[in-house]
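Me: I am new to this structure and would like to know what stands behind the terms used for it. Please set each value against its definition.

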Amino acid sequence: MSERGWLMPDELLRDAPAYSPRAGELADLELLLTGAYAPLTGFLGRADLTALQRRGRLADGTPWPLPVTLEVPEPLALGLDLDDPALRSIVLTDQEGAPIAAVEVNDTWPSRDGRYGVGGTVRQIGDGRHGPFQRLRRTPAEVRELLPPGRVLGVVADRPLHRPQLAQIAHAARTLAAHLLVLIPVGEAGPGGLSPEVLVRTVFAARDRMPPATLVAVPLVRRGDEIRDALLRAKVAAAYGVTHLLSTGEMLSGGGPRVLVPRELAYDNRDGQWRWRDDIPPRNRRLALRTDEIDDLLDRGFPLPEWHTPPAVAKELARARPPRRQRGLVVFLTGLSGSGKSTVARGVADHLRETGDRTVTLLDGDVVRRELSAGLGFSKEDRDLNIRRIGWVAAEVARHRGMAICCPIAPYAAARRTAREMATLAGAGFVLVHVATPLEVCERRDRKGLYAKARAGLIKGMTGIDDPYEAPLDAELTLDTSELSVDEAVGAVLHHLTETGWVEPK
Ligand code: PPS
């Protein structure tokens, strides 16, 4: 029996391998399934990709701005038999493993990093939807059905809407006498780590300042090429029925909706209106705040000014980005064995526990290797996995507004970068402290006798001796404990955290 929302296994797919694509690929999958990428019906194969690269068109001549591709691990690709209908499908699942769609593969090729590109048509399994805000994730056909006849002004709200943007939207909708369709990109975190959920809430908070509008969440993900990204957005907007698109960035040409490039508005303090900046005498003119200015106000716990941001929007933003002193934070100390990381980390943790501002989790090397990474050794793979685990736990602690203090050696820059990204995506801060005590000093201290053993050839792969340490180029703070007492080193970290607003001055 099949019930709405519950999945029935499909006979042909019973033995098909399952694979959970990366976040960007999942977003593309949803756009393919809903018809937002029409006329595409699946992930592109080599013929289309080549044509796209050469001519900006698919093999059949249809203009298309960007590759829509899927990569899978090599064994999965090699296990397919493209000539056998029963052996050529892959079930694509969400990140928790629930099936979303099947791809009927008609092309595979080696790609990069031991992965294979696969091309083929996708077909929905079950209701195919996933992620929060389901009721906003309407298909283009459903949306076109809802729209009144006539012009449709599209806005891609990829950042919170403040008064200047709202004034531009209202002006464009009025001039065109168009219905407003707001597309909210929910495929990835926005600028500054703003989560899609927060973005949706801020756009809703601005709703009573907009002309009557239809709001849709669309899993758009940027590829990082501004013009092509804009062209793809225009394609998707057109699929949703947009006839005129209010641009937030680049000028566009080619098929799809007409693109309107709004003029820069400024606040006129004579009457409180937003109008074209050049129509306001300079002394009465206030320019819109830049994103970094907005973030800075929020970081310091100041309210966003009412002339600039509707209070309801300001409230959502303040909730999502509380002042630094209340936000989650990861303090990540890296350095050689014996550099003093653990001692400094303990001192910082003790101080913060005394003041009691936030809960403190100390992810000390020995504890981590016992509780979290038991069984791991010191190969590059094991060290990277160890740091990934530490980074993940730390980010979760910080997501819930706690303070995580970590002090592994973390010799590889890429793994440290991953830890930073995880914290940022959790909406938390990340402060990297390089405990840069010179190797000679660490070796002289040799608390555990490991350096002596390594020099004698009794142990292999000791960091600094016969294993690499990539000194950070992105540390917020560098300490050398050969020149500082423990108290001074702890004080330096606390001073940095206070200066940058992460910790309340005492
Ligand atoms: S890593 O690279 O970040 O995963 O290492 P970490 O988890 O911090 O573990 C480092 C501690 O393990 C002991 N140890 C070694 N360190 C470096 N290289 C090798 N081969 C090694 N073998 C064991 C060492 O005592 C480290 O402890 P600390 O507290 O840093 O001195």
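Me: What makes the pair formed by a backbone N or O atom of Ala410 and an oxygen atom of the ligand a polar contact?
Reply: The two atoms lie 2.8 Å apart. A polar contact is a pair of N or O atoms within 3.5 Å, so this pair counts as one. As for the basis, this is a predicted model in which local features need pLDDT of at least 70 and side-chain atom pairs pLDDT 80 or more, while totals for chains, interfaces and linings use all residues. Residues are numbered from 1 along each chain as its sequence is written, and side-chain values use heavy atoms, with hydrogens and water left out.

Me: Which polar atoms of Asn386 and Ile409 lie by an oxygen atom of the ligand?
Reply: For Asn386 it is a polar side-chain atom, at 2.8 Å. For Ile409 it is a polar backbone atom, at 2.9 Å. Taken alone, the ligand exposes 630 Å², and the protein buries 90% of that (accessible areas by the Shrake-Rupley method with a 1.4 Å probe).

Me: What makes a residue part of the surroundings of the ligand?
Reply: One of its heavy atoms must lie within 4 Å of the ligand. There are 18 residues around the ligand, and Ser337, Arg369, Arg383, Ala410 and Gly461 come nearest. Helix H12 (residues 380-399) gives the most to this shell, with three residues; a helix here is a DSSP run of H or I with at least four residues, and a strand a run of E with at least two.

Me: Why is the peptide bond from Ala38 to Pro39 worth a remark?
Reply: Its omega is near 5°, and the bond is cis. Most peptide bonds are trans. Pro39 is found in the loop between helix H1 (23-34) and strand S2 (42-43).

Me: What is said of the phi of Asp113, and where is Asp113 found?
Reply: Asp113 has a positive phi of about 50° although it is not a glycine. Most residues other than glycine have a negative phi. Asp113 is in the loop between strand S5 (99-110) and strand S6 (115-124).

How values were computed
Polar contact = N/O pair within 3.5 Å; in protein donor to acceptor, adjacent residues only side chain to side chain.
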